[in-house]
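Biologist: Could you take me through one part of this protein in a close and careful way? I would like to follow a single helix and learn what it touches.

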Amino acid sequence: MSSSGLFGNSAVNAAEGPKSSGVSVHSEFNKRASKIGLGIHQTSQKLAKLAKLAKRTSVFDDPTVEIQELTAVIKQDITALNSAVVDLQLLCNSQNETGNISNDTTSHSTTVVDNLKNRLMSATKEFKEVLTMRTENMKVHENRRQLFSSSATKDSTNPFIRQRPLVSRGSADSTAPPAPWANDSASSSSSQLFPPR
C-alpha cells in the first residue's frame, strides 16, 4: 500500500474521531512492521544459503548460476525492504505528529522502526561481505584454472617431458665403445673388419 493511500485512509478516519484515527494508523503501522520484520528474516535465511554456496572452493563444483540467481533475488529484497522501512518511518512520523496516541505508543513505534533499520543494515552489510568473499573465491578459481591450463599446455608440447632417459648420454659415451657407424673414419673400421688381401 502506498503512503498516499495510507494518508487518504487516515483523513477519512480522522473525520470519525481522533481516537479511531490513532488506533487505525497504529494497527496499520504494526501490520507493516510485522511484514518488514518477516521480510528481513527471510532475506537473512537467503543470505545464509548464499554464504554457504559462496564458500565452496572446488573448481569442479562451482554453483555460479545458483549464486547469480540468489544474489539478484536478495538485491531485490533489500531494495524493497529499504523502501518499506522508509514508508514505515513516514507513517511513524505522521502518527507522532497527530498527537492522537500516547507517548508510550510513540516511543514504541520509534523503537520498532530503529530496530528494523538496524536489522536491515546488518543484512545489507552481510550481503556485501558475502559478495566480497565470492569475488575472492572467483579469483582463486581463476588462478587455479590458469595454473592448470598452463601446466597442461607445457606438458602437451612434449609428451615425454615426464619420462627420464633410461641411460644418460654421458655415461653411455664413457663406458660403452662407440658403434662402428658412429666414427668419422668409416674406412678404418671397415678395414679392421675386412683386412686387405
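Modeller: Before we begin, a contact here means that heavy atoms lie within 4.5 Å of each other. With that in mind, 77% of the contacts in this protein with a separation of 6 or more join residues that are 24 or more positions apart. Please keep in mind that this is a predicted model, with an average pLDDT of 75 and with 61% of the residues scoring at least 70. The protein has six helices and zero strands, and the part I have chosen is helix α2, which covers residues 18-54.

Let us start with the nonpolar residues. The largest nonpolar core has 14 residues, and those with the most contacts inside it include Phe29, Ala33, Ile36 and Ile40, together with Leu88 and Leu116. Helix α2 supplies at least two residues of this core, as do α3 and α4. Ile36 gives a good view of it, since residues up to four places away are not counted and Ile36 still touches Leu81, Ala84, Val85, Leu88 and Leu116. Apart from this core lies another, of twelve residues, with Ala51, Leu53, Ala54 and Ile78 among them.

Further along we can look at Thr43, which also lies in helix α2. Thr43 counts as buried because its relative accessibility is 2%, and buried means under 20%. Leaving aside neighbours within four places in sequence, Thr43 is in contact with Ile74, Asp77, Ile78 and Leu81.

Asp77 leads us to the charged residues. Side chains of opposite charge can pair when their charged atoms come close. Lys46 forms a salt bridge with Asp77, and their closest N and O atoms are 2.6 Å apart. Lys46 belongs to helix α2 and Asp77 to helix α3, so this pair ties together parts that are 31 residues apart in sequence. Lys46 itself is partly exposed, with a relative accessible area of 27%.

A second salt bridge stays inside the helix, where Arg32 pairs with Glu28 at 3.2 Å between the closest N and O atoms. These two residues both lie in helix α2, four residues apart, which is about one turn of the helix. Arg32 counts as buried at 11% relative accessibility, and Glu28 is also buried, with a relative accessible area of 14%.

One caution concerns the start of the chain, where pLDDT stays under 50 over residues 1-19. By contrast, helix α3, which contains Asp77, has the highest mean pLDDT among the elements, at 91.

Definitions and conventions
Residues numbered from 1 in each chain as written. Predicted model: local features only at pLDDT ≥ 70, side-chain atom pairs only at ≥ 80, totals over all residues. Heavy atoms only, no water. pLDDT = per-residue confidence, 0-100. Core = buried A, V, L, I, M, F, W, Y, C linked by side-chain atoms within 4.5 Å. Buried < 20%, exposed > 50% of the residue type's maximum accessible area, 1.4 Å probe, protein only. Salt bridge = Lys/Arg side-chain N within 4 Å of Asp/Glu carboxyl O.
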